[in-house]
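Q: I am new to this structure and would be grateful for a close look at one part of its interior. Please treat the matter in one connected account.

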Amino acid sequence: MADAAAGGSGGDSRVMVYVRIGLRALALLCAIIVMGVSADLLKGTVWGADYCILGMDTRKVDDGDENACNYGIGVGVLTLFCVIAFIVFEILVVLRGVGGANLIKIFCLVDLVLSGILALLWLVGFIYILDTWDDSGPKDRHIRVLDFKLNDRADAVGAAIAFSLFGAIIWLVVAVMAGLRLKRAVA
């Protein structure tokens with residue numbers, strides 16, 4: 001009984017709950033940054049047509065690849081909804097003790113599966129954005145194309161790449177924590 005009052009099943013302390021909530025908040029921050037950068041990169045306009053600056057070859061005008069930007073936005077939105085649901089569940093069920101031990105075991109399993117999927121999606125996003133940016137033209141990003149300075153966007157793309165990697169690492173840590181928590185809850 002004292003174990004459930006301490007914040008969870010299987011010896012889960014309140015500190016660990018707050019660590020999980022903090023990690024998910026960091027994942028949410030990564031998602032917001034990647035979504036914002038991807039949406040901003042999607043606004044590149046060349047000769048009156050919209051292109052994703054991320055996949056635009058600086059030697060050609062009409063080969064902008066919007067898929068990398070759309071992927072970043074889509075994974076960010078999915079992460080946003082998952083993080084909100086996980087944080088609400090942690091606060092209501094785990095900290096306040098609204099559910100029983102079986103509900104916490106189910107939550108641990110769902111947490112493990114979704115965190116693993118999100119870690120994989122963020123890793124794929126990191127690789128996809130990095131590869132798209134690498135294939136997008138000359139290595140010198142400080143050139144001017146139709147009065148559009150690419151080095152201004154290079155910092156934004158670098159942020160999207162870095163925060164995609166951070167998001168993958170954070171979700172991997174959350175998945176490992178969920179697996180350990182599930183092991184404790186089942187035992």
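Is Cys-30 buried or exposed, and what is its relative accessible area? Please continue from there to the surrounding residues.

A: The model discussed here is a predicted one. In it, Cys-30 has a relative accessible area of 4% and is therefore buried, since buried means under 20%. Another cysteine, Cys-108, is buried as well, with a relative accessible area of 0%. The structure nevertheless holds 0 disulfides.

The surroundings of Cys-30 can be approached through the residues that touch it. Ile-170 is in contact with Cys-30, and also with Leu-23, Leu-26 and Ala-27, when its neighbours within four places in sequence are left aside. Phe-163, found in helix H5, likewise has Cys-30 among its contacts, together with Ile-33, Val-34 and Trp-122, again leaving aside neighbours within four places in sequence. Phe-163 counts as partly exposed, because its relative accessibility is 22% and the limit for buried is under 20%. Phe-163 and Ile-33 are 130 residues apart along the chain, yet their C-alpha atoms are separated by 7.2 Å.

Ile-170 leads on to the nonpolar core. The largest nonpolar core has 23 residues, and the members that touch the most others are Trp-122, Ile-170 and Trp-171. Two or more residues of this core come from each of H2, H3, H4 and helix H5, the last of which spans 150-186. As a general matter, nonpolar side chains in soluble globular proteins tend to be buried together.

Trp-122 also takes part in a polar contact: its side chain meets the side chain of Thr-79 at 2.9 Å. Thr-79 is found in helix H3 and is buried, with a relative accessible area of 0%. Apart from neighbours within four places in sequence, Thr-79 is in contact with Ala-27, Ala-31, Leu-118, Trp-122 and Trp-171. Ala-27 thus appears among the contacts of Thr-79 and among those of Ile-170.

Charged residues are found buried too. A search of the whole structure finds 4 salt bridges. In general, side chains of opposite charge can pair when their charged atoms come close. One of these bridges joins Glu-90 to Arg-20, with the closest N and O atoms 2.9 Å apart. Glu-90 lies in helix H3 (residues 66-95) and Arg-20 in helix H2 (residues 14-41), so this pair ties together parts that are 70 residues apart in sequence. Both Glu-90 and Arg-20 are buried.

Glu-90 also forms a salt bridge with Arg-24, at 3.0 Å from N to O. Because Arg-24 lies in helix H2 and Glu-90 in helix H3, that pair ties together parts 66 residues apart in sequence. The relative accessible area of Glu-90 is 0%, and that of Arg-24 is 0%.

Arg-24 has a further partner in Asp-111, their side chains meeting in a salt bridge of 2.6 Å, N to O. Asp-111 belongs to helix H4 (residues 101-134) and Arg-24 to helix H2, so the pair ties together parts that are 87 residues apart in sequence. Asp-111 and Arg-24 are both buried. Through shared partners, salt bridges join Arg-20, Arg-24, Glu-90, Asp-111 and Arg-181 into one network.

Technical notes: Residues numbered from 1 in each chain as written. Predicted model: local features only at pLDDT ≥ 70, side-chain atom pairs only at ≥ 80, totals over all residues. Heavy atoms only, no water. Helix = DSSP H or I, 4+ residues; strand = E, 2+ residues; numbered from the N terminus. Buried < 20%, exposed > 50% of the residue type's maximum accessible area, 1.4 Å probe, protein only. Core = buried A, V, L, I, M, F, W, Y, C linked by side-chain atoms within 4.5 Å. Contact = heavy atoms within 4.5 Å. Disulfide = S-S within 2.5 Å. Polar contact = N/O pair within 3.5 Å; in protein donor to acceptor, adjacent residues only side chain to side chain.
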